[in-house]
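Student: I have a model on my screen and would like to understand the terms used for its contacts. Could we go through them together?

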2 protein chains.
Amino acid sequence: MQAWPRHKAPRQTWHDAGMSSAFTDLCRYPIVQAPMAGGASTPQLVAAVSEAGGLGCLAAGYKTADGMYQEIKQVRGLTSRPFGVNLFMPQPEYADPAAVEVYRNQLAGEATWYETQLGETDGKRDDGYEAKLAILLDDPVPLVSFTFGCPTREVVQAFDRAGTRTVVTVTTPEEAQAAQRAGADAVCVQGIEAGGHQGTHRDNPETDSAGLGLLSLITQVREAVQLPVVAAGGLMRGGQIAAVLAAGADLAQLGTAFLVTPESGAQPLHKQAMTNPLFVHTELTRAFSGRPARGLVNRFMREHGPYAPAAYPQVHYLTAGLRKAAAKAGDPQAMALWAGQGHRLARELPAAQLMEVLVAELDEAKAAFAARGAE
Amino acid sequence: MQAWPRHKAPRQTWHDAGMSSAFTDLCRYPIVQAPMAGGASTPQLVAAVSEAGGLGCLAAGYKTADGMYQEIKQVRGLTSRPFGVNLFMPQPEYADPAAVEVYRNQLAGEATWYETQLGETDGKRDDGYEAKLAILLDDPVPLVSFTFGCPTREVVQAFDRAGTRTVVTVTTPEEAQAAQRAGADAVCVQGIEAGGHQGTHRDNPETDSAGLGLLSLITQVREAVQLPVVAAGGLMRGGQIAAVLAAGADLAQLGTAFLVTPESGAQPLHKQAMTNPLFVHTELTRAFSGRPARGLVNRFMREHGPYAPAAYPQVHYLTAGLRKAAAKAGDPQAMALWAGQGHRLARELPAAQLMEVLVAELDEAKAAFAARGAE
């Protein structure tokens, strides 16, 4: 287990004697609430998780820089405990405009059906990254994580000076090495079980079928780099948190488990779908955003997934209105029902109570494992 | 943790005081060497693993009943410790003969290139199941496991009477429930990380992208059935074994880790490919056998995988000669290089030494996890 760099004086700390995790001063329990862009990670959810001894995370993705800042201020009004903010990295312009136009034509019938328009696809590809950086460096938060790429050394160093810890989302050992080269403080290791977008640094359809399961990935990343590991992907129970810690992770990150809490801002239809027996499987799809993301298999995914182009965020803009119209019409079959592979195990409990249950399960799993005796 | 049914008097037992696993009398350490059909699981490998305190397993698949029996006798000559035998379940006739003929035409150039013939596809689909059952019931072994389906209650009961434990390979919670209904003693939970064939009970291309990662699957199966769990898929290190045990598995099953041992009968080219930097990714493919199996991505998989039909074992017969000819020509690009997602972590150690290293790593991971203090 690697220690956080010593030069960083944590801004807000408390200590649970006996806990050896490198994240001791950020959270009492080794549980991170995953940043879920699109509305689920409300300030209320983030604050509730941090208050309960976990690490809550805001999702800046798809928000304006000011929208992000308003949420940060709301969290600060609700808790004095540490929390994180997740940023989407700017995307290179490599999508094929012709492929996006073909997809637009293929979705024309959907727009007619839901009585809406397909979106313009010339929107920005940088998600307001520079403006968000400026705010976060001006008024620092305890932790910033990055998705869809790796920040530069300069950005990481700026956060270092600000006393902010940096975490880069990775899906391969090579991406973890890039994070280490950039000077990041930790990696968030995302297995293919994870709900929502895969944080792959560069989307490449050729490796669509080569994604690694979480337990394989944790070990390969730990052998490739010397950084603390946050493990993400399909984690729903304390026993699974115990498993990733036993494999050497420092923290476990859970998204779908928190998506169904009352504090989450996910659409009610989205929450209900998690345990609706209509939705049995999840799949990775480019149908909604142009980048692989895991969601419950519904009509839209089945129909359009097979030919959706690798064109993020263009396809995200293209389908935004459709998804909203479907939600408004109460039809989950054309919504992006992001979900991890453990969605059927979702429990609709208030966040603080879910934290309690997870910690109790973790303790129980740890005791049961210890009781197996000498092996 | 569930106990094995009490009525079964273990045929060969020894006991390691303090070990609480339900498999105590079968092996000292919670490590199973996966049965690897196709030649890797030699009697020498199986005996070496069982002698070292693990549970070695023969693979009856693709062998004649008599070939299987000769191997059982060889194992018995090498060790008095328990071991297992894995059977392939008979396959229903649902493959489309026209699709197989189309695939035959698509592979014509391969046959020419490797100066060989494509195989006849009217071979048996039952893998000599009944004849193998007769031998195993006449002269019982400690454990029999099943792949590609679930045995009937009658077969399970016959093994019960013979004192043989039964394990059914499963890839979904629903398959685990079928195993429980049939009366099986345990399930082998196979995550999508696993090398070689997925043991899915009925091959269905519609759910090709819905396979579950091991850690998600263990928990979902444990909540669906009351059976001991053997966890398989991508496990290469003791820390990963610790992880699956912490998640509630009783044993960990490793294939690729043992494939590279000198006792393994895998082709030398196959062993070398595991850590050859030419082969970076694995994928599930029907290209070689007609059923999804995970192997190192090579030319043959890239070229033919996208259109290979769901037709097992017909495609297995079709490509058998090709694969042999490629191996003979020293060309790994048309061999079935089965490998789990952890292949890059393979260590070419004698099986007994690998067992020692795995147990030491397991102990270390367990101690490190316990030392994390109160959480």
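Tutor: Gladly; we will look at the contact between two domains and then at the contact between two chains. Please keep in mind that this is a predicted model.

Student: What makes up domain 1 and domain 2 of chain A?

Tutor: Domain 1 combines 1-91, 126-264 and 353-368, while domain 2 combines 97-125 and 280-336. Their centres, taken over C-alpha atoms, lie 27 Å apart. Domain 1 of chain A brings 21 residues to the contact and domain 2 of chain A brings 14.

Student: Why is the pair A:Arg286 and A:Asp203 called a salt bridge?

Tutor: The side chains of A:Arg286 and A:Asp203 come to 2.7 Å, N to O. The cut-off is 4 Å between a side-chain nitrogen of Lys or Arg and a carboxyl oxygen of Asp or Glu, so the pair qualifies. Between the two domains of chain A the count is two salt bridges, and nine residue pairs are in polar contact, both at pLDDT 80 or more.

Student: Which residues of domain 1 of chain A lose the most area to domain 2 of chain A?

Tutor: They are A:Gln91, A:His197 and A:Asp203, which together account for 39% of what the domain 1 side buries. The area buried between the two domains is about 1,400 Å², with 45% from carbon and sulfur atoms.

Student: Now to the chains. How much area do chain A and chain B bury between them?

Tutor: About 4,600 Å², 51% of it on carbon and sulfur atoms. The contact takes 58 residues from chain A and 58 from chain B.

Student: Why is an area used to describe an interface?

Tutor: Because the size of an interface is often given as the accessible area lost when the parts come together.

Student: What makes B:Arg237 and A:Glu223 a salt bridge?

Tutor: Their closest N and O atoms are 2.6 Å apart. Since this falls within the 4 Å cut-off and joins an Arg to a Glu, the name applies. Chain A and chain B have four salt bridges between them, along with 20 residue pairs in polar contact, both at pLDDT 80 or more.

Student: Which elements of chain A give two or more residues to the side that touches chain B?

Tutor: They are the helices α7 (173-182), α8 (214-224), α9 (238-246) and α14 (351-370), and the strand β10 (282-285). By class, that side of chain A has 26 nonpolar, 18 polar and 14 charged residues.

Methods: Residues are numbered from 1 along each chain as its sequence is written. Chains are lettered from A and ligands numbered from 1 in the order in which they are written. This is a predicted model: local features need pLDDT of at least 70, side-chain atom pairs count only at pLDDT 80 or more; totals for chains, interfaces and linings use all residues. Side-chain values use heavy atoms; hydrogens and water are left out. Domain bounds come from an automatic or database domain assignment. Contact means heavy atoms within 4.5 Å. Buried area is the accessible area (1.4 Å probe) that two parts lose on being put together, summed over both. A polar contact is a pair of N or O atoms within 3.5 Å; within protein, one must be able to donate a hydrogen and the other to accept it, and residues adjacent in sequence count only if both atoms are side-chain atoms. Helices (H or I, at least four residues) and strands (E, at least two) are DSSP runs, numbered from the N terminus. Ala, Val, Leu, Ile, Met, Phe, Trp, Tyr, Cys and Pro count as nonpolar, Asp, Glu, Lys and Arg as charged, and the others, Gly among them, as polar.
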